[in-house]
Amino acid sequence: MIRELDLGRERRVQIQRFKCCRCGKSFVLRKKRRRRYSEAFALEVVRRHVEGRESYRVIAREVFERTGRSVSPTSLQKMVESAGERSKSVLEMSKELKPSWDGFLLLDEKMCSVRGKQQWLYLAVDGTGDIVHCRGVGELTATNAMSFLEDLVHELEYPCRGVVTDMDAALCRAVEVVYPEKPHQYCLKHALAALEEVIGYKPLLQRYRWNRALLREQFTRMPGRRGIWVEHTREEFFRHYTDTRALSKTFHQRKALRDALHAILFASSEGEAVLLLHRLRRSRQWPTELRRKAVAFLERHWRHLVQHHRVHGLPRTTNLVENVNRQLERRFKTIEAFQHVHTALAYVGLLIAYLRQKPYTDCRGKRRGLNGHSRLHAAGVRLTGSWLNNTLKTIPNSNR
């Protein structure tokens, strides 16, 4: 009889023992010799770590508090790594389940740390929200991006109807080579951020906020001054206010230009966007140099900025893949850094398998009806059982 630990209680499991006819010693037939913890305990650790985002130290401390038996965080980490090595890759799950994707492909990249070095991941998310493919690369190059997209063409036979990227040069070049005839939309949020950099909006915004906070602080201190400090504080406030008027005027001018660019990018139709762009060309409200730079940027990328008007259903932003990136980033903060590349890729594959089966909880707008359903369910895949059972390639008998 042996005792098995199960995160909160001890279970007594009967083990068949045999006796040798020659030496008289007893022995047991177990698949994994010298194993201190059961398979059920290991899978429960994986579930708690992935679902609850609990660190290994927190789980180890809770095990000790409940059972009195100590288990090191390193042992728990090895359990999760073992599950990651046994899990199906994103490509394998996609080939096995064959989801009904809508054909609109959103691409992005993500970075994780492996011993202080950058390990990059290319991510592909379908318009339904399902994660189509993930591939680790050493650096972001057009060659690696093309190999990543060729996996979708040859391995998955992905029914691509359009592509959305964040204006990354390597991804854009790869899309031109692999999907030359498909509509290619640039993310409008990334395009607006690029335009803000062109017109110098962000530095002015930070300086304007800093000056406004300082003026507010000086103004609130004035009633508290007494005697000679009253006039001194008043003079200091008005001098600072006069010095910042020019900066404030410049900022509001840039903000008006930024709002005009936002209206062009997020216009309700291509005709309205063309009309607003024509007005921007003829306007003399803003500095000529900044206006010309903004118009040149729009004209240079115009075909890729208005594809969502020409192709019905094509997303205009990469929000779906950015959401996946944010969830991966939260988990990477718990891990801090991986020790090996294969460990990082196995962990990411396990995590993405969970995200594909995790129900939505905060969808809004047109996707509000997906709350309570998973990404795979949105792509037409109906799975039963726990996400671990659907992810791991083999699950040994937990009683051995």
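This is a short tour of helix contacts, a sheet and a ring pair, stop by stop. The model is predicted.

**Stop 1: α1 and α2**

Select residues 39–52, helix α1, and residues 56–67, helix α2. Their axes lie 10 Å apart, and the two helices pack at an angle of about 130°. That angle makes α1 oblique to α2. The crossing of α1 past α2 is right-handed.

Now show side chains. On α1, pick Phe41, Val45, Arg48 and His49. On α2, pick Tyr56, Ile59, Glu62 and Val63, which the α1 residues meet. How do the residues of this contact divide into nonpolar, polar and charged? Five are nonpolar, one is polar and two are charged.

**Stop 2: α2 and α3**

Keep α2 selected and add residues 73–86, helix α3. Here the axes are 9 Å apart and the packing angle is about 115°. α2 passes α3 in a right-handed crossing.

Tyr56 and Ile59 of α2 were picked at the last stop, where they meet α1. Select them again, with Arg57 and Ala60: these four α2 residues meet α3. The α3 side brings Pro73, Leu76, Gln77 and Val80. Sorted by class, this contact has six nonpolar residues, one polar and one charged.

**Stop 3: the sheet**

Switch to the strands. Which order do the five strands of the open sheet follow? Read across: β7, β6, β5, β8, β9. The pairing is mixed. Strands of a sheet pair through backbone hydrogen bonds, either parallel or antiparallel.

Find the edges next. Select 131–137 for β7 and 184–186 for β9. Each of these edge strands pairs on one side only. Look at the twist too: neighbouring strands are turned by 25° against each other on average, direction ignored.

Zoom in on β5, residues 104–114, and β6, residues 117–126. They pair in the antiparallel sense, over ten bridges. Select Asp108 to see one example: its bridge partner in β6 is Leu123.

**Stop 4: α15, across the sheet and beside α4**

Select residues 341–357, helix α15. Which strands does α15 lie across? They are β5, β6 and β7, and α15 runs at about 170° to β7.

Then add residues 90–97, helix α4. The axes of α4 and α15 come within 9 Å and cross at roughly 40°. The two helices are therefore oblique to each other. Show Val90, Met93 and Ser94 on α4. Their contact partners on α15 are Ile352, Ala353, Arg356 and Gln357. This contact has four nonpolar, two polar and one charged residues.

**Stop 5: a ring pair**

The count of aromatic pairs comes to seven. Visit one of them: select Tyr208 and Phe251. Why is this pair called stacked? The ring centres are 4.2 Å apart and the planes are at 15°, so the pair counts as stacked; the cut-off for stacking is under 30 degrees.

Now zoom out and colour the two helices. Tyr208 sits in α8, residues 201–221. Phe251 sits in α9, residues 228–265. The pair links distant parts of the chain, 43 residues apart.

Key. Residues are numbered from 1 along each chain as its sequence is written. This is a predicted model: local features need pLDDT of at least 70, side-chain atom pairs count only at pLDDT 80 or more; totals for chains, interfaces and linings use all residues. Side-chain values use heavy atoms; hydrogens and water are left out. Axes are lines fitted to C-alpha atoms, for helices over the stretch in contact, and angles run from 0 to 180 degrees between N-to-C directions. Angles under 35 degrees count as roughly parallel, over 145 as roughly antiparallel, 65 to 115 as roughly perpendicular and the rest as oblique. A crossing is left-handed if the near helix is turned anticlockwise from the far one by less than a right angle, and right-handed if clockwise. Contact means heavy atoms within 4.5 Å. Ala, Val, Leu, Ile, Met, Phe, Trp, Tyr, Cys and Pro count as nonpolar, Asp, Glu, Lys and Arg as charged, and the others, Gly among them, as polar. Two strands pair if DSSP finds at least two bridges between them. Rings of Phe, Tyr and Trp (its six-membered ring) pair if their centres lie within 6.5 Å; planes under 30 degrees apart count as stacked, over 60 as edge-to-face and the rest as tilted.
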